[in-house]
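Colleague: Please take a close look at one part of this structure and describe it for a first-year student. An account of how that part fits into its surroundings would be welcome.

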Amino acid sequence: MKDVGIVGVPYSGKTTLFKALTSVGTAGGRSNQAVVDVPDERLKVLTDLEGSKKTVHAKVRFVDVPGGLTAQGIAEFRQTDALCIVLRSYGPDADPAGELGTVEAELLLADLASIESALEKGRKKARSSAEAQREVDILERAHALLDSERSLREEKWDEDELKFLRGFGALTLKPWIVVANVAEGASDEVGGLPDGSLAVSASLEAEVAGMDESEARDLLAGFGVEEPGLGKVIRASYRALDLITFLTTGEDESRAWEVGRGAKAPEAAGVIHSDLERGFIRAEVVHYDDIVAAGSWSDAKDQGRLRVEGKDYEVKEGDCLNIRFAV
């Protein structure tokens, strides 16, 4: 499960968006957190086809920090996997591009302070350690980038360097999802923002949060909203984090699982349970579309649609897996 922090300047509507996405109010304390299901219509289809007793969605946790980009907020956001930046895009004085610049500057400064502190400690250790010197070299590159007002994502880092920098919870290294908080019934087009930015009316979405799903869709449709904000934000988060969904199905349950794009079959098996990765033998694979076309997993197998794949198989979006393993 991935954590997505909701960030914004005061009055941007970030807490309203949190309520809209999670259908819960704010609880106070260090942060407001809520786990929500990842919408996936394929699960209901599989549940019906296989007669599954349970349907289990993949999950995402949203995190909203009272006060926003305070020291406490920065510390909380460092623990997240991605940041959802909310920008007020309604009213005559709205300046979403300016707000984005303000948030980016705050995140850059936070990373710069963290890197400077690490550099000071690292240089002392580097006098007697080659490993510490390598870390100092990485930190100096990061410092130069941030000092020139550029995010850490703009540099090409190798896997070891990325792992090291992620250890600091670097905010400008995380994927960002930009959400323009628009007025009810406003166009999805918001100028001056990066490609891929989303338009969501947080107040409208919060109004329908907790309503019956069909009623909520009808109300949103009346304002020209074809897809609820939750689905839009989660899909954007999956794209930003480079995640795909694979599925398992059977009599007990139909379930969705997240895994990084490019993951091999044993890694996907490990998402289900570590024993499956350790004892991986093979994966039986039928794509979701083939199960639907055949009518069930067993019918797809009978029709020759099932493939047996080994350790080098790269799992694809919508694959349904049955893992064979030995402990």
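**A salt bridge and its sheet**

Modeller: The side chains of K59 and D37 form a salt bridge, at 2.4 Å from N to O; the term denotes a side-chain nitrogen of Lys or Arg within 4 Å of a carboxyl oxygen of Asp or Glu. K59 belongs to strand β4 and D37 to strand β2, so the pair ties together parts 22 residues apart in sequence. The model is predicted: local features need pLDDT of at least 70 and side-chain atom pairs pLDDT 80 or more, whereas totals for chains, interfaces and linings use all residues. Residues are numbered from 1 along each chain as its sequence is written, and side-chain values use heavy atoms, without hydrogens or water.

K59 is partly exposed, with a relative accessible area of 33%, and D37 is partly exposed at 36%; buried means under 20%, exposed over 50%, and partly exposed in between (1.4 Å probe, protein chains only).

Strands (E, at least two residues) and helices (H or I, at least four) are DSSP runs, numbered from the N terminus. Both strands of the salt bridge belong to an open sheet of 6 strands, in the order β2-β4-β1-β5-β6-β7 and with mixed pairing. Its edge strands, β2 (32-37) and β7 (198-200), each pair on one side only; pairing requires at least two DSSP bridges between two strands.

Helix α1 (residues 14-22) lies across strands including β2 and β4, and runs at about 155 degrees to β4. Contact means heavy atoms within 4.5 Å; angles, from 0 to 180 degrees, lie between N-to-C directions of axes fitted to C-alpha atoms, for helices over the stretch in contact.
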